[in-house]
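This report describes a protein–DNA model in terms of its disulfides, its DNA-facing surfaces and its internal cavities. The sequence and structure are shown first.

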Protein chains: 2
Amino acid sequence: MERKSTNIRQEEIKAAVLSIIFRDGLKKVSTKNIAKEVGISEGSIFRHFKSKKEIILAIMDDVINDLIEDLRRTSLENSPPADRLYNYLCKTVTYLIENKGITILLFSEASYENDNEMITKLNYIFNSQKQLAVKIISDGIAMGLWDEAVPVTDFATLYMGIPLSLNIEMVLSREKFERNNFCKRMYDLILKILKKS
Amino acid sequence: MERKSTNIRQEEIKAAVLSIIFRDGLKKVSTKNIAKEVGISEGSIFRHFKSKKEIILAIMDDVINDLIEDLRRTSLENSPPADRLYNYLCKTVTYLIENKGITILLFSEASYENDNEMITKLNYIFNSQKQLAVKIISDGIAMGLWDEAVPVTDFATLYMGIPLSLNIEMVLSREKFERNNFCKRMYDLILKILKKS
DNA sequence: TAACTTTGCAAGCAATTATTTACTTATGGA
DNA sequence: TCCATAAGTAAATAATTGCTTGCAAAGTTA
């Protein structure tokens, strides 16, 4: 009966959830299976989280604290907008590839549960990414580097399709997705929209 | 005790599933709730479908027969590629907006269940759309209308982000999504990538 | 050492799941 | 009109769900 602190167990539980999602699908994320994955009893899970929903919300908070805050910093740098946009996109892609279960959790769990708290968090994650992208593009246009005729919010909607496409490709072909230079290839494409003609 | 033929009940059951998904979320799609929505007993459902999974697969088949086959026709027309691309995109967008539950079903249920048969069908739906888009773009390039330097498969990946973005926007803001001219706006953006410089 | 808190477990909870059962009744062609 | 078939039901099925309980033992602080 090895004992670990709640902090550690919380991390183990969140990691277990993501592993199960990526390996077996969202349906298999039951408290019973989480317990088995961590190596503790089912009841113990409720020592560290008050409900299953709290686990999911905690993972979404991790995304906000890790990814979104990192993206915010990138977006607000004062390096050239082109560099910022490239880093911005690649950081997102890298994060999604390295935290595999997260993409499925984000884009499926909220529409599965239809839970208000989850949808609010997902909305924040999604719209933050959009708005921070808008910031970079607006800067580039204001600096006279990019085409001022580009509708920035529409562009941001199209931009958000990139991580979403990546997500679906990963769901459909789990391991063998061709991620080589994925962000560079997508970056080159969208840059053409921004270029002055 | 009104009685209807299996054909009719199957349509009612599929429609009920989509209604429940859009109104209450995927989680509420239980045989009990489907029965209530249709107005029959739970057991009756199994007179018309051999399992719940068969209902989902039947809806996916509808997408293949209705949307994908329509897109195939559009893609293979011999009208100008620009017209074809515009119609192609708008048909997809219109279909997704008019069949609300379908977007959630397609992009969430497969990753929820992690079922091979479902993933195979989703893969077919997704890749057909991609390949048919590739066909239109390749035609445009071959006719000397568009930039031959555009990497067509990368472009198709970016293109697929459009329906995916639409899906997420609809999940996040159910009714009040600004769908006005959505396809025209997205079309104008991606056309800039294709234009010769 | 004593007292207290935290972490652990096995067992049990009520609720829900998809599906099957055994039986009834309506419909449509002979 | 007869009768097989198709379409309906209520109720029971076994399995699973998230979560709670009661109690034991490990860690921490005094």
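## Disulfide links

At 13% relative accessibility, Cys183(A) falls below the 20% cut-off and therefore counts as buried. The model in which this value was computed is a predicted one. Cys90(A) also counts as buried, because its relative accessibility is 11%.

These two cysteines of chain A form a disulfide, with 2.0 Å between the sulfur atoms of Cys90(A) and Cys183(A). The link joins distant parts of the chain: Cys90(A) belongs to helix 5 of chain A and Cys183(A) to helix 9 (residues 182-194) of chain A, 93 residues apart. The bond between Cys90(A) and Cys183(A) is right-handed, with 80 degrees about the S-S bond.

Over all chains, the search of the whole structure finds two disulfides. In chain B, Cys90(B) and Cys183(B) form a disulfide with their sulfur atoms 2.0 Å apart. This pair, too, links distant parts of its chain, since Cys90(B) lies in helix 5 (residues 81-98) of chain B and Cys183(B) in helix 9 (residues 182-194) of chain B, 93 residues apart. The torsion about the S-S bond of Cys90(B) and Cys183(B) is about 80 degrees, so this disulfide is right-handed. Both Cys90(B) and Cys183(B) are buried.

## Surface near DNA strand C

There are 22 residues around DNA strand C, and those that come nearest are Arg3(A), Arg9(A), Ser41(A), Arg47(A) and His48(A). Helix 1 (6-24) and helix 3 (42-48) of chain A, together with helix 3 (42-48) of chain B, each supply at least two residues of this surface. Helix 3 of chain B makes the largest contribution to the surface near DNA strand C, with four residues. By class, the surface near DNA strand C holds four nonpolar, nine polar and nine charged residues.

Of the atoms of DNA strand C within 4 Å of the protein, 51% belong to sugar or phosphate, and the rest belong to bases. Contacts to both kinds of group can be named. A base oxygen of DNA strand C lies 2.2 Å from a side-chain N or O atom of Arg47(A), and a base oxygen of the strand is 2.7 Å from a side-chain N or O atom of Arg3(B). On the phosphate side, a polar side-chain atom of Ser44(A) is 2.8 Å from a phosphate oxygen of DNA strand C.

## Surface near DNA strand D

Around DNA strand D there are 23 residues, of which Arg3(A), Arg3(B), Ser41(B), Arg47(B) and His48(B) come nearest. Helix 3 of chain A, along with helix 1 (6-24) and helix 3 of chain B, each supply at least two residues of the surface near this strand. The residues of the surface near DNA strand D comprise four nonpolar, ten polar and nine charged. Sugar or phosphate accounts for 51% of the atoms of DNA strand D within 4 Å of the protein, and bases for the rest.

The following table lists side-chain contacts to the phosphate oxygens of DNA strand D.

| Residue | Partner | Distance |
|---|---|---|
| Thr6(B) | phosphate oxygen of DNA strand D | 2.6 Å |
| Ser44(B) | phosphate oxygen of DNA strand D | 2.6 Å |
| His48(B) | phosphate oxygen of DNA strand D | 2.6 Å |

## Internal cavities

Rolling a probe the size of a water molecule over the atoms shows where empty space is left. In this model the count comes to four cavities of 30 Å³ or more.

The largest cavity has a volume of about 80 Å³. Both chains contribute to its lining, which includes Phe107(A), Leu164(A), Phe107(B) and Leu164(B). Helix 6 (100-113) and helix 8 (152-172) of chain A, with helix 8 (152-172) of chain B, each supply at least two residues of that lining. By class, the lining of the largest cavity has six nonpolar residues, three polar and no charged ones.

The second largest cavity has a volume of about 60 Å³. Among the residues lining the second largest cavity are Val63(A), Thr92(A), Tyr95(A), Phe107(A), Gln129(A) and Met160(A). Helix 4 (52-76), helix 5 (81-98), helix 6, helix 7 (116-142) and helix 8 of chain A each supply at least two residues of this lining. The lining of the second largest cavity has ten nonpolar, two polar and no charged residues. Phe107(A) takes part in the lining of both the largest and the second largest cavity.

Note on methods
Residues numbered from 1 in each chain as written. Chains lettered and ligands numbered in written order. Predicted model: local features only at pLDDT ≥ 70, side-chain atom pairs only at ≥ 80, totals over all residues. Heavy atoms only, no water. 1 Å grid on protein atoms, 1.4 Å probe; cavity = no way out; pocket = protein on both sides within 12 Å on 5 of 7 lines; lining within 4 Å. Points joined across faces, edges and corners; volume = space filled by probe spheres on them. Nonpolar A, V, L, I, M, F, W, Y, C, P; charged D, E, K, R; others polar. Near = heavy atom within 4 Å. Polar contact = N/O pair within 3.5 Å; in protein donor to acceptor, adjacent residues only side chain to side chain. Disulfide = S-S within 2.5 Å. Buried < 20%, exposed > 50% of the residue type's maximum accessible area, 1.4 Å probe, protein only.
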